[in-house]
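Student: I have a structure to go through, and I would like to know what stands behind each label. Could you take me through the reasoning?

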Amino acid sequence: MADDNINSASIPKGRSSDMFHRDSEINNCSNPTMNGDGVSQDLNSEDLEAAQKEEEEKLQKEAELGKYWKTVDDNPMDFTGWTYLLQYVEQESNPDECRKAYEAFFSHYPYCYGYWKKYSDMEKKNSSTELAKEVFEKGLRAIPLSVELWLHYLNFFITECPSDAATKDKIRKLYERAIAAAGLEFRSDKLWDSYISWENNNGNLKAVTSIYERLIKTPTQLYSHHWDNFKRHISIHHPKEILDIDTFLKLRSEVLSKSSNYHAEDEDEVGLDEALQVGESSELDAPPGMLSTMGDEKEVKKIKAKYIEQKESIFKGNEAEVSRRWTFEENIRRPYFHVKPLERGQLKNWREYLEEEISLGNHNRIVVLFERCMIACALYEDFWMKYAKYLEQHSIDGVRSVYQRACDIHLPKKPYIHLAWAAFEERRDNYPLAHKILLNIENNVPGLAMVCMRRISLERRNKNHEAAEDLFKTYIEKAVSHKTKTFFSIKYARYLQKVSGETDKARKILNDALDIDNTNEKVFLQLLDVEYQSQPISEERVMETFNKLLKSDAPLDFKVKISQRRMEFLEDFGTCIQKISEAYDDHQKLVKEASTKKKRPEKDHLSDEPPDKKSKVDIPGVSMQGDHSLTPLPPVGPPPPPEVPYGYGPWPGVGYGPSMPSAYPGYPYPSYPSGYNYYGY
């Protein structure tokens with residue numbers, strides 16, 4: 001009581017006990033030497049240092065993790081960078097960072113089944129069985145043909161779930177899912193064996209027989225091994241234990257009706273009454289074949305022999321199917337996914353294997369083989385396109401799924417598969433999705449002319465001409481080189497004239513392009529085409545274009561060809577003979593200038609040679625050393641053409657005088673620029 005009074009008296013009036021204690025703590029903390037218990041404040045400084053050190057370590061780890069993330073963010077196709085990131089987050093044991101890293105990794109590489117197992121193990125390690133199960137389910141949706149992943153999931157399910165009837169039913173359903181998804185895989189033997197072993201351990205012999213009946217008609221690598229195991233299973237068990245009642249009664253009836261398995265002496269040894277094993281009257285009400293006794297040993301053997309005989313024909317047929325595929329399967333060296341390129345022989349083997357399977361016509365097996373191929377050849381777009389083309393005859397949704405996996409996951413930067421998908425959707429009038437696909441590949445790989453033009457063409461076919469023109473303008477404005485700007489200017493001008501009927505606008509686009517680069521031959525040719533296609537044709541505009549070109553900085557050889565085309569135009573459409581004569585004279589000057597330019601390098605080359613070498617070639621055909629009796633060599637090539645006035649020979653076959661081989665030496669008439677088509681390409 002005294003202590004209580006003292007404590008209560010020491011608290012100032014108007015202040016609560018809590019406030020008093022809080023003030024005491026503040027006072028103690030403010031004392032650098034001692035606290036209320038007489039403990040040194042060095043402990044507080046040590047805690048502060050530890051907290052600072054922990055914060056520094058945390059920042060350092062975040063910085064290091066950021067480096068790994070930056071690597072894969074900058075280049076998502078860097079598989080090695082992803083492996084380093086996953087190793088780091090596993091080492092740090094941070095579940096949230098692990099989940100983030102694994103989910104990002106699988107968005108690019110879902111076929112790596114081993115990493116799905118690691119992801120599930122991480123969740124299981126963190127005592128999250130449900131999340132581990134979800135990881136397995138995600139992985140099997142991504143790669144349903146992975147026998148290894150199915151086995152890991154089944155073992156996980158068997159180990160983690162309680163052993164009761166309901167769980168066994170779930171496991172059996174899971175096995176059936178696995179067989180339905182991957183049972184046709186040629187190398188699925190371990191999955192089948194696991195299912196059989198599990199049913200055997202549960203004493204469900206009839207289920208084992210049922211599994212074997214499916215397995216012996218499925219082409220797998222160990223088909224002969226399964227057949228031997230099947231026969232052993234039949235031989236060591238009584239038929240009633242391993243066969244359903246209908247099958248057993250049917251076989252027994254055939255045996256008792258003296259089927260082909262019985263010989264004449266058997267009839268003497270085994271009578272019908274003895275074979276039936278009628279027994280006492282108390283057993284007469286039992287259905288045939290279900291009596292308490294196991295029956296005669298000879299009858300049992302004959303039933304087994306009959307059953308195996310029936311299944312042997314199925315086995316022989318399956319053996320033939322395996323033989324068809326054996327060579328192809330032996331040549332598959334890498335059935336799993338990897339970023340390293342496959343050898344040409346491997347790719348060739350897959351192509352031939354697919355063709356062989358398609359020729360056999362079993363749709364389910366064809367799809368399974370395609371899916372197997374896609375795992376190993378996921379980075380080769382021609383296989384995806386082949387798969388999509390095959391599925392077009394069977395499933396539109398299947399085609400879309402193939403394109404989606406290829407474009408969104410495995411080949412985000414391959415243009416041809418995106419163009420094929422966009423074309424597929426456009427054929428089904430799904431313009432919004434086609435537009436989205438093309439925009440996606442353009443964002444992933446900007447600057448691809450084929451993608452840009454496909455986007456424009458899509459808008460044009462959709463009658464959205466305003467959007468098409470906007471795209472043209474955008475591509476011209478954002479062009480990073482004169483060549484690219486010229487390409488889109490030519491395409492835009494052609495679009496304006498041919499589609500929109502705006503010739504003046506087309507002409508302006510091309511002239512603007514020439515203002516930037518007046519040496520571009522393709523722009524000049526397209527401008528000429530615009531003028532040629534105008535109705536009616538304007539001689540003045542065409543001649544203006546010709547003159548502009550001939551005064552430009554275009555190559556001389558190109559000018560010679562265009563000059564010849566100008567003369568052709570004047571002959572066809574010209575209204576003034578004086579202009580034709582002037583054009584001919586100008587052309588002759590260009591030809592002479594071009595010829596001189598071609599010969600000049602030869603002279604320059606000769607002038608660089610030593611004097612003793614030049615002396616050897618001063619006189620053609622005469623050697624300055626040795627024998628001087630050699631006759632001079634004849635001149636090379638035809639003699640130069642005579643100077644013929646205009647109107648007396650240059651135009652062959654028109655009655656102006658002697659016919660000459662060519663109107664213009666060295667330039668056949670009529671002549672168009674080599675390497676260019678009608679539109680300048």
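**Salt bridges and burial**

Tutor: Gladly! Let's start with Arg99 and Asp96, which form a salt bridge with their closest N and O atoms 3.1 Å apart. Keep in mind that this is a predicted model.

Student: Why is the contact of Arg99 with Asp96 called a salt bridge?

Tutor: The cut-off asks for a side-chain nitrogen of Lys or Arg within 4 Å of a carboxyl oxygen of Asp or Glu. The closest N and O atoms of Arg99 and Asp96 are 3.1 Å apart, so the pair qualifies. By this rule the count comes to 36 salt bridges.

Student: How far apart in helix α5 are Arg99 and Asp96?

Tutor: They are 3 residues apart in α5 (residues 95–106), which means a separation of about one helical turn.

Student: What makes Asp96 exposed, and what is Arg99 called?

Tutor: Exposed means over 50% relative accessible area, and buried means under 20%. Asp96 has 55%, so it counts as exposed. Arg99 has 25%, which lies in between, so it is partly exposed.

Student: Which parts does the salt bridge of Glu103 and Lys138 tie together?

Tutor: These side chains meet at 3.1 Å, N to O. Glu103 lies in helix α5 and Lys138 in helix α7 (residues 129–142), so the pair ties together parts that are 35 residues apart in sequence.

Student: Is Glu137 buried or exposed?

Tutor: Its relative accessible area is 17%, and the cut-off for buried is under 20%, so Glu137 is buried. Its salt-bridge partner is Arg177, with the closest N and O atoms 3.2 Å apart. Glu137 sits in helix α7 and Arg177 in helix α9 (residues 165–182), 40 residues apart. Arg177, at 39%, is partly exposed.

Student: How do you know that the span of helix α25 agrees with its number of residues?

Tutor: For the 13 residues of α25 (residues 465–477), 1.5 Å a residue gives an expected 18 Å; the end C-alpha atoms are 18 Å apart, so the two agree. Among the buried residues of α25 are Leu471, Phe472 and Tyr475. The buried residues of this helix pack against α23 (431–444), α24 (449–461), α26 (482–500) and α27 (503–516).

Student: What makes Met450 eligible for a nonpolar patch on the surface?

Tutor: Patch residues need over 30% relative accessible area and no salt bridge. Met450, found in helix α24, has 34% and is partly exposed, so it passes the area cut-off. With Met385 and Tyr416, Met450 forms a patch of about 270 Å² of accessible area together.

Technical notes: Residues numbered from 1 in each chain as written. Predicted model: local features only at pLDDT ≥ 70, side-chain atom pairs only at ≥ 80, totals over all residues. Heavy atoms only, no water. Helix = DSSP H or I, 4+ residues; strand = E, 2+ residues; numbered from the N terminus. Expected span 1.5 Å × (residues − 1). Buried < 20%, exposed > 50% of the residue type's maximum accessible area, 1.4 Å probe, protein only. Contact = heavy atoms within 4.5 Å. Patch = residues over 30% accessible without salt bridge, like charges linked within 9 Å, V, L, I, M, F, W, Y side chains within 5 Å. Areas by Shrake-Rupley, 256 points an atom, 1.4 Å probe, with all protein chains shown as cover.
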